Each structure stands twice: as structure tokens, then as C-alpha cells.
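Please look over the structure below before reading on. The notes after it are a short briefing, grouped by topic.

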Number of protein chains: 2
Amino acid sequence: MDADPDLFKAIGDATRRVILDELTEKDGQTLFEICGRLTMKHGLGSSRQAISQHLAVLEQAGLVHTRRQGRYKFHHIDTSPLRSIVERWPIHGEAPNP
Amino acid sequence: MDADPDLFKAIGDATRRVILDELTEKDGQTLFEICGRLTMKHGLGSSRQAISQHLAVLEQAGLVHTRRQGRYKFHHIDTSPLRSIVERWPIHGEAPNP
DNA sequence: TTGACAGGCAAGTCCCCACTTGCCTATAAC
DNA sequence: GTTATAGGCAAGTGGGGACTTGCCTGTCAA
């Protein structure tokens, strides 16, 4: 029906959006690091497995890329898939040039 | 938790995205007009009530504005709420200037 | 005024998805 | 080797949302 449903599904969840906020503020965090931050700063008592599943959805949507290193797995944000949204439905009066 | 969950909920559904596509192609359609187009061009056999509920969600998200005229109700798309998405998670290397 | 047309409202059903629970694998420190 | 740490896998559960069904309101033409 349409191009990438995974993208919209990914940003459709509030917890995943907060995860993207976290990775925007500090890129390349591990799973436990993200868990800790969500609990501390945002007060959401999500379990580790919940966050792990969220990250899997974000990765499938191409919004997060992972990099393994030893027993750590670092998560990097990639916002480029979001471009397809504003390309699909052009925003009237876009991009105030700097 | 975050600003406007209604926006993400609105674009989270595939049928609603097709409705936005329809209104992008031809703005100011009525409910029955949209129903007909979705059935013809996209082959989705959604009922009138279903589309009506979808339009309500889109309107609540600010993506669609309505204008009554007699017994008709015209639906107009407004993509400006989408701007908050790319502002929240800036896209690296944005806006290729024309 | 009667009928057709455009749309609204509300209750009910069904299914997807977020989250949990429990256990397992692998890397690193001791 | 043993223990702790970082993460993965799979089945089960519960709630929200998409969709239906049925009926009602308002507008226009005959």
C-alpha cells in the first residue's frame, strides 16, 4: 500500500520517540545506558527487554544502526529515513535558509 | 511524555497516509469523494464510517482542516504539523537548495 | 412532504502490539 | 574455572485502536 510502514510504526510509539531523543542528545549508547537514562530522566520504568524490542523496531526502520564491540552493542541514530516523510507530503513554505 | 502524540498516531496508520496522499493530489474533497477514490485507485474496501473516523483522527492531529458548506464537508490538508518531526530530530545534510 | 443524498453517533468485535516472564548465550573480570 | 555483566530468544498476556453494525440528523430536489 505504501513504501515503508516500518518507519511510521517506529515513530508511532512514545517510548521509541524518547529513545530517539536520547540518542540525539548522546549518540552511540548501549542498551543498559539507554535503560538507565530513560528511568532516571524520564521516569519510565520500562524493562530492559522492552527497550531492547523497541531498539529492534527502530533498527528495522533504519532509524538506528548498531555496532558490536566485544560484549557491548552501541546504538547510533540515523534520521535520514525521516526525509521521506516531508518528501511525501511537502511542507508549504519550507526550510528557512540560514 | 512528548509534545503531540496525536500527530504520530495519525500518520501511524496506512489508510490515513493514503488519505493524505489523496488530499495532496486533490485538495478539498468530501468524505464520499475520498471513499470512492480509495476504493477505485487503491482497492481498499474501507467503509464510509471507517474513513470518517480516520478523517477525525487526521483533523485532531491538525493535518486536515474541514469546511462545511450546505450538506457537504470539504477536507483540506495541512502539512505544517509535520515540520515538528524534522525539527525534533534534525536530518543530517538537509534541504538541498534549489 | 417525501425521498434521496451527505454525514454523524454509539456500542460491540477483533486483532495487533507493547510489555512481561523465564531462560539461554557470550564476553570480560576475578 | 567461576562469577558478573551485556545482551538475546520465545511464549504468554492485556489493552488500545481499526473496523463494523445499526440507527439518527440535516440538507437539497421532486
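Chain A of this predicted model follows the order α-α-α-α-β-β-α from the N terminus on. That makes five helices and two strands in chain A.

**Chain A as a whole**
- Along the principal axes, the C-alpha atoms of chain A fill a box of roughly 45 × 35 × 25 Å.
- Chain A has 98 residues, and 40% of them are buried.
- Of the contacts in chain A between residues at least 6 apart in sequence, 50% link residues at least 24 apart.
- The exposed area of chain A is about 5400 Å², with carbon and sulfur atoms supplying 52% of it.

**The surface near DNA strand D**
- There are 20 residues around DNA strand D, and those that come nearest are Lys73(A), Arg16(B), Ser47(B), Gln53(B) and His54(B).
- By type, the residues of this surface are four nonpolar, nine polar and seven charged.
- Sugar or phosphate accounts for 60% of the atoms of DNA strand D within 4 Å of the protein, and bases for the rest.

**Polar contacts with DNA strand D**
- Arg16(B) has a polar side-chain atom 2.5 Å from a phosphate oxygen of the strand.
- Leu31(A) places a backbone N or O atom 3.4 Å from a phosphate oxygen of DNA strand D.
- Arg71(A) has a side-chain N or O atom 3.1 Å from a base oxygen of DNA strand D.

**Elements that supply this surface**
- In chain A, helix H3 (31-42), helix H4 (48-60) and strand E2 (72-77) each give two or more residues to the surface near DNA strand D.
- In chain B, helix H2 (14-25) and helix H4 (48-60) do so.
- H4(B) gives the largest share, four residues.

Definitions and conventions. Residues numbered from 1 in each chain as written. Chains lettered and ligands numbered in written order. Predicted model: local features only at pLDDT ≥ 70, side-chain atom pairs only at ≥ 80, totals over all residues. Heavy atoms only, no water. Near = heavy atom within 4 Å. Polar contact = N/O pair within 3.5 Å; in protein donor to acceptor, adjacent residues only side chain to side chain. Nonpolar A, V, L, I, M, F, W, Y, C, P; charged D, E, K, R; others polar. Buried < 20%, exposed > 50% of the residue type's maximum accessible area, 1.4 Å probe, protein only. Contact = heavy atoms within 4.5 Å. Areas by Shrake-Rupley, 256 points an atom, 1.4 Å probe, with all protein chains shown as cover.
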